[in-house]
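Please look through the sequence and the model that follow, with attention to aromatic contacts, helix faces and burial. The report takes these topics in turn.

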Amino acid sequence: MTYKRPAYEEVRIAHGGSTVTLRPTLRAAVTLEARFDFPVLFRALEEGSFTIISEIILAASSSASDAAAFLAGIPGKPLSSFIPAMRMPLAELVSMLMPTPAVRLEKSAIAAPSGKSIAWSEFYAHQFEQATGWLGWTPEQAWNATPTEIDRAYTGHIAKLKAIHGSDEDDKPTNNAPDPKQAAHNVTAGLDPEFDRAGLRALKAKIAGGA
């Protein structure tokens with residue numbers, strides 16, 4: 001059965017009678033990617049690194065005090081039941097830090113230039129600009145939203161502007177297939193093979209040009 005990402009991105013973890021709610025927010029994404037990067041995070045989950053598992057929980061918890069209390073009772077006890085219980089839900093959470101591309105939702109999305117990519121830090125900075133600039137959200141709202149929520153809200157905003165003002169791109173054919181080289185790079189890095197990072201620059205350039 002194909003995994004379907006939930007519309008409202010949230011993960012709940014439980015152990016020893018305690019439960020913590022985690023959200024893949026932009027704040028969590030920026031924090032974890034800067035400290036580790038995605039291949040390291042996925043590898044740490046596979047290998048059962050308690051240190052990095054703790055960092056993921058602390059960064060993504062909706063309540064810092066709840067996360068601290070959840071983790072406080074773990075040291076000194078066997079990890080044989082804790083690590084397996086954390087592995088899958090936290091892998092799902094880390095995957096949610098990489099947004100479902102708007103290219104899958106918007107048929108008029110711009111085809112990406114071949115062989116180009118941007119760093120995750122630049123991508124998240126761009127999302128913050130979209131949220132606080134184009135969408136008019138407060139910084140706190142932007143930090144607490146997930147990358148996918150920002151991506152989809154921005155795509156909806158652009159679709160609204162196109163519906164109101166029109167676009168000369170509407171009648172032009174587009175190519176939404178991911179670049180093979182970029183897809184291979186993404187797979188090697190442990191990312192979604194269809195995630196189109198290069199398209200972000202093209203979209204930003206188009207908007208800046210007054211389209």
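## Aromatic pairs

In this predicted model, ring pairs join Phe38, Trp120, Phe123 and Tyr124 into a cluster. The count of aromatic pairs comes to eight. One of the pairs is formed by Phe70 and Phe82, whose ring centres are 6.3 Å apart and whose planes make an angle of 45°, so that the pair is classed as tilted, a term that covers angles which are neither under 30 degrees nor over 60.

This pair links distant parts of the chain, since Phe70 belongs to helix H4 (residues 64-72) and Phe82 to helix H5 (residues 82-96), with the two positions twelve residues apart in the numbering sense of being twelve residues apart. Both Phe70 and Phe82 are buried.

## The two sides of helix H1

Which residues of H1 are buried? They are Leu26, Ala28, Ala29, Leu32 and Glu33. Because the arc that they cover around the axis is only 155°, these residues lie on the same side of H1. An α-helix has 3.6 residues a turn, so residues three or four places apart point the same way. On the other side of H1, Ala34 and Arg35 are exposed.

The buried residues of H1 pack against several other helices, namely helix H2 (38-47), helix H3 (50-60), H6, helix H7 (139-144) and helix H8 (147-165). Just after H1, the backbone at Asp37 adopts a positive phi of about 110°.

## Thr31, a partly exposed position

Thr31 is located in helix H1, which comprises residues 26-35. Its relative accessible area is 24%, and Thr31 is therefore partly exposed, given that the buried class ends at 20% and the exposed class begins over 50%. Thr31 and Ser121 are separated by 90 residues in sequence, while their C-alpha atoms are 9.8 Å apart in space.

## Gln127 in helix H6

Is Gln127, a residue of helix H6 (residues 120-134), buried or exposed? With a relative accessibility of 1%, Gln127 counts as buried, because the class requires a value under 20%. When residues up to four places away in sequence are left aside, Gln127 touches Leu26, Pro147, Ile150 and Asp151. Of these contacts, Leu26 is also among the buried residues of H1, and the buried residues of H1 pack against H6 as well as against other helices.

Notes. Residues are numbered from 1 along each chain as its sequence is written. This is a predicted model: local features need pLDDT of at least 70, side-chain atom pairs count only at pLDDT 80 or more; totals for chains, interfaces and linings use all residues. Side-chain values use heavy atoms; hydrogens and water are left out. Buried means under 20% relative accessible area, exposed over 50%, partly exposed in between (1.4 Å probe, protein chains only). Contact means heavy atoms within 4.5 Å. Rings of Phe, Tyr and Trp (its six-membered ring) pair if their centres lie within 6.5 Å; planes under 30 degrees apart count as stacked, over 60 as edge-to-face and the rest as tilted. Helices (H or I, at least four residues) and strands (E, at least two) are DSSP runs, numbered from the N terminus. The arc is that of the directions from the helix axis to the C-beta atoms.
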